[in-house]
Amino acid sequence: MASASIYAGNAQASASYQPTSKPSNLITRAEAANPNNFKFISVNGRTATYASAPCPVETGLIACGLQKLHLINGGAAEVDADYDLAQTFLFPSKSQPGVAVVIITRSDLMDDSVSAERYRISFKSEEKPLGLDWNWVQYGVQYKCARGDNAGQWTKSLCL
C-alpha cells in the first residue's frame, strides 16, 4: 500500500481566514467540483466511472481515496509512492446528497516535464444493510508542468 504524509484540508474555509494567494498545489472548492477539469483515468482500457467495491464510511474519505488510488496506480513503480497533500470536499445538495471529492497530490516528481500530479477521486454515500458506504464514482488526474508553455500550471493534458 502507498505511504502517505498527508494534510487533510478542511472542506470549507473559516470565514476569518482570508489568504492573499493560495499555495500552488492547493485546489479550490470550485476547481475540485468540476470533473471536466481532470483527464479521466482509464483502467484496463476503459474509463473508470464506478467501482463495485464500496468503502465503509468509518474508514474515512482520505483512506478510501488512497485505497482507490492504489488500484489505478498499482504498478511496481508506484508501490512506494509518497502523496504529500490530500484535500476533501463535501458537496451536499438536495438532488445528490452525500457527494464527496478527495484530491490527492504527489509533488517533486523525478520527471523533466511533470513536477506534480493531482488525482480527483469522487464518491457518493449510499445506505447499505450494514451501514453507510462510500461508493467510488470517478477518477481523474491533472499534471503540473515543469517546462514549456504550461510551466507551473495544472493541466489535464500531458506536459511536453
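Are C145 and C159 buried or exposed? Both of these cysteines are buried, and they make a good starting point for a first look around. Please keep in mind that this is a predicted model. The tour below covers the disulfides, then the aromatic rings, and finally the surroundings of N25.

**Disulfides**

- The structure contains two disulfides.
- When the bonded cysteines of the protein chain are numbered in sequence order, they pair as 1-2, 3-4.
- One disulfide links C55 with C64, with an S to S distance of 1.9 Å.
- Like the cysteines of the opening question, C55 and C64 are both buried.
- The link of C55 and C64 is left-handed, with -85° about the S-S bond.
- C145 and C159 form a disulfide too, and their sulfur atoms are 2.1 Å apart.
- For the link of C145 and C159, the angle about the S-S bond is -85°, which is left-handed.
- C145 belongs to strand β11 (residues 131-145) and C159 to the segment after β12 (154-155), so this disulfide ties together parts that are 14 residues apart in sequence.

**Aromatic rings**

- Four aromatic pairs are counted in this model.
- One of them joins W136 and Y139, whose ring centres are 4.3 Å apart.
- The planes of W136 and Y139 meet at 45°, and the pair is described as tilted; it is not called stacked because that would take planes under 30 degrees apart.
- W136 has a relative accessible area of 9%, so this residue counts as buried, the limit being under 20%.
- Y139 is buried as well, at 1% relative accessibility.
- Another ring, that of W154, has a charged neighbour: R118 lies over its face, 4.0 Å from the ring centre.

**The surroundings of N25**

- Where does N25 lie? Its place is the loop between β2 (8-9) and α1 (29-33).
- N25 has a relative accessible area of 19%, and it counts as buried because the limit is under 20%.
- The side chain of N25 reaches the side chain of K144 in a polar contact of 3.4 Å.
- Leaving aside residues up to four places away in sequence, N25 touches L85, Q87, T105, S107, R118, K144 and W154.
- Two names in that list may sound familiar: N25 touches both R118 and W154, and R118 is the residue that lies over the face of W154.

Methods: Residues are numbered from 1 along each chain as its sequence is written. This is a predicted model: local features need pLDDT of at least 70, side-chain atom pairs count only at pLDDT 80 or more; totals for chains, interfaces and linings use all residues. Side-chain values use heavy atoms; hydrogens and water are left out. Rings of Phe, Tyr and Trp (its six-membered ring) pair if their centres lie within 6.5 Å; planes under 30 degrees apart count as stacked, over 60 as edge-to-face and the rest as tilted. Buried means under 20% relative accessible area, exposed over 50%, partly exposed in between (1.4 Å probe, protein chains only). A charge sits over a ring if NZ of Lys or CZ of Arg is within 6 Å of the ring centre and within 35 degrees of the ring normal. A disulfide is a pair of cysteine sulfur atoms within 2.5 Å. Helices (H or I, at least four residues) and strands (E, at least two) are DSSP runs, numbered from the N terminus. A polar contact is a pair of N or O atoms within 3.5 Å; within protein, one must be able to donate a hydrogen and the other to accept it, and residues adjacent in sequence count only if both atoms are side-chain atoms. Contact means heavy atoms within 4.5 Å.
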